[in-house]
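This report walks through a structure with attention to its interior, its chain contact and its backbone. Please keep the sequence and the 3D view at hand while reading.

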2 protein chains.
Amino acid sequence: MISLEEKFGALETENAPGQESLQYTGDLNSLMRGEKLEGKSVDFSHGDVDAFPPAPGSETAWKDGFEMGGQQAYTEYRGAAQIREGLAERLTTFTGKPISAGKELIITPGTQGALFLALGTTVASGTKVAVVEPDYFANRKLVKFFGGELVPIPLHYQGDQSDNGPDLKRLETAAKSGTGVFVFSTPNNPTGLVYSGSSIESISELAARYHVTVIVDQLYSRMLYSGETYTHLWACDNQPENLITIMGPSKTESLSGFRLGVAFGTSSLIERMERLQAIVSLRAAGYNQKVLDTWFQEPAGWMKKRIQEHEAIRDDLLGIFRAAAFPCFTPQAGSYLFPRLPALDVDHHTFVRLLRHQAGITVTPGTEFAPGYADSIRLNFSQDHATAVAAAERIVEMVNIYRK
Amino acid sequence: MISLEEKFGALETENAPGQESLQYTGDLNSLMRGEKLEGKSVDFSHGDVDAFPPAPGSETAWKDGFEMGGQQAYTEYRGAAQIREGLAERLTTFTGKPISAGKELIITPGTQGALFLALGTTVASGTKVAVVEPDYFANRKLVKFFGGELVPIPLHYQGDQSDNGPDLKRLETAAKSGTGVFVFSTPNNPTGLVYSGSSIESISELAARYHVTVIVDQLYSRMLYSGETYTHLWACDNQPENLITIMGPSKTESLSGFRLGVAFGTSSLIERMERLQAIVSLRAAGYNQKVLDTWFQEPAGWMKKRIQEHEAIRDDLLGIFRAAAFPCFTPQAGSYLFPRLPALDVDHHTFVRLLRHQAGITVTPGTEFAPGYADSIRLNFSQDHATAVAAAERIVEMVNIYRK
């Protein structure tokens, strides 16, 4: 039996994005070489919603919700029926397969909320859960919190393109040996790798054959760069019995301040998720839910422009890191870069803290995404273009200062 | 080991407030005696924020938050530091004992969110948790969800006033036999009983002596009726090592549509709660947090008026139910009434469904608050005064139709 001490030890958040201000910095002056580097501070731990402001119409939609009064303040736990109806229609168009607004969709407090509910309804003490490495840090924490057992599945992204994707052999071995749940993000957080159509079809088929519940986090699936294609597991022919897809408007659409997400999939799981939501936080904030009416119906050209702007930043940052010979996968979607740094005179965790202290740059250490990625850092490059470029150059400068 | 089936069976929400539209009604026409009763529909399962609108300034405060942009969208998981500082000061004044904004306070997605985090950080598999009967329905559900064992503590409210309050002997017996956590609401939900100063002091002393963690839900503590006094466990002399107090502006202040709550207490528990929040939903919606700046500093006279208006409704409803000889405790605070109904020809659950179907009145069945309260119903009387009075009269009429 896991004790509460252990349980909460595993939930350590000091290195989690956004919590860096809580870190100990007392030792850094003695470790620092040279002076502080000049330049505008950048927090790459999350997107800058001032540089890329909330999608148009969100404020007005919120106000409409507020003015609706009680009806919008107290929705069903799974979210207001009328909002779910519109969403189900637009998500059906997006994914290519019908979604029932009444049975197969729930509105949650952020995509994080959806992930919590999805794992909370499928993982019990002893459940074996296949988790990709590297992948979103909360996946591992959630599995541990619910008493599950981690079964790591490596993600190939550092070698030849033909090998890219999750290790399907390892996944099949895991499925054969009693793995009950598989959770992963595509586009992958932190690398920006989009699972290929054949990977997704194999996962679907494998999960169906071995009765594995699949939870797929598609948070970044709308920000797809030129020439890339996206495959929705939800629309595959050979479906697992239990499948939950989660999404939300917090990233590409910069609506994180509203804490909105959705999950859609197998109705019995959606129903359980609602039961859990009832004791977790009742519902996504009522007035905020109304903002989902603007989602997937932004003004013409808005999304295209937002993607182009991010692609331009991606390309510049990739250019800078590659010129410095940092291996870096080219993200196919989303706004994360996950470069690998060379060997340094300080350990990489200390380097991350020095980056913040000496160069005003906050990044997330690779170890948040899996053990064994200490030499990588994650940057959310949804930032002011020029500021991001200058900061990337400072990262290279910092690496040169501390290089072994 | 509890299975997921059992776990979610215990979280059934069909009778939970706000979920009534999901109930089966197909059998009701055959059970119904006479015609439908005319009158305006009332949903007593929660307060009507159209009748009692959100506290002044909430919309403006939200807009300020939205305009602050990224800084307010991405706060620390425990909530924006500046907002916590103001809150800590005002809650210190309210409770009479200092609260540290940095260490002892967390902003949560509603009071429900605070309760979930508080129990999630203190209850593990096998933890014995003393739960009052009757009390807020989620307490029991949460204990079961986290694998804890319920130790029921009766609340006396139906007899002589001198006996009113939790059964302290039962609580001491529970504490002696290894109960680790005690959770309760004061004012009690559903009865509106305020724990006396001597009850609170005894609980504090007893919890200190037997190392019991105390979680006290004070959601309704601001709406205190004339002549009543309130005692904060947080300010007692003899303190338990581990104490969490939870509150929020969802009820008296009608800010439920923002999903905001707070918890304050033992710093190590607040820290754990933040770790849990990080994987549950990250934070209370950023822009919404700003609305807490208006809390505990409403315009002069606003709160007094709101209390008087509720007291007037309370008195009229008590008059109606007592004239019909339904025993009903006089709520000392909050906006709940918990009358006991006489024996009927239909079981009380069916009566509750008939009330909704035939008389347009939604109430919450007593069994949501503890087994053994099937003959009681809970009404949130934070409603339009005249509508509430007319509905209470219809409840009496309905009882007379189905009386045994």
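Buried here means under 20% relative accessible area and exposed over 50%, with partly exposed in between (1.4 Å probe, protein chains only). This is a predicted model, in which local features need pLDDT of at least 70 and side-chain atom pairs count only at pLDDT 80 or more, while totals for chains, interfaces and linings use all residues. Residues are numbered from 1 along each chain as its sequence is written, chains are lettered from A and ligands numbered from 1 in the order in which they are written, and side-chain values use heavy atoms, with hydrogens and water left out.

**Backbone features**

A:Ser254 has a positive phi, near 55°, although this residue is not a glycine, and at 2% relative accessibility A:Ser254 counts as buried. B:Ala325 likewise has a positive phi without being a glycine, at about 65°, but B:Ala325 counts as exposed because its relative accessibility is 61%. The table places these residues and the two prolines that follow cis peptide bonds; helices (H or I, at least four residues) and strands (E, at least two) are DSSP runs, numbered from the N terminus.

| Residue | Backbone value | Loop |
|---|---|---|
| A:Ser254 | phi near 55° | between β8 (243–247) and β9 (261–265) of chain A |
| B:Ala325 | phi about 65° | between α12 (302–323) and β10 (336–337) of chain B |
| A:Pro134 | cis bond from A:Glu133, omega about 0° | between β3 (128–133) and α7 (137–145) of chain A |
| B:Pro190 | cis bond from B:Asn189, omega near 25° | between β6 (181–185) and α9 (197–210) of chain B |

**Interior**

The largest nonpolar core, a set of buried Ala, Val, Leu, Ile, Met, Phe, Trp, Tyr and Cys residues joined through side-chain atoms within 4.5 Å, has 186 residues, of which A:Phe116, A:Phe184, B:Phe116 and B:Phe184 touch the most other members. Contact means heavy atoms within 4.5 Å, and, leaving aside residues up to four places away in sequence, the residues that B:Phe184 touches include B:Val132, B:Asp135, B:Tyr195 and B:Leu233. There are zero disulfides over all chains, a disulfide being a pair of cysteine sulfur atoms within 2.5 Å. A:Cys236 counts as buried at 10% relative accessibility, and B:Cys236 is buried with a relative accessible area of 10%.

Helix α13 (residues 348–359) of chain B has 10 of its 12 residues buried, so this helix is largely enclosed by the rest of the structure. Among the buried residues are B:Phe351, B:Arg353 and B:Leu355, and the elements that the buried residues of α13(B) pack against include α2 (28–31) and α14 (385–402) of chain B. After α13(B) comes B:Gly360, with a positive phi near 65°.

**Contact between the chains**

The size of an interface is often given as the accessible area lost when the parts come together. Buried area is the accessible area (1.4 Å probe) that two parts lose on being put together, summed over both, and between chain B and chain A it is about 5800 Å², with carbon and sulfur atoms giving 63%. B:Tyr74, B:Arg275 and B:Ile279 supply 14% of the area that chain B buries against chain A, more than any other three residues. The contact takes 69 residues from chain B and 70 residues from chain A.

Four salt bridges are found across this interface, where a salt bridge is a side-chain nitrogen of Lys or Arg within 4 Å of a carboxyl oxygen of Asp or Glu. A salt bridge joins the side chains of B:Lys63 and A:Glu59 (3.7 Å, N to O).
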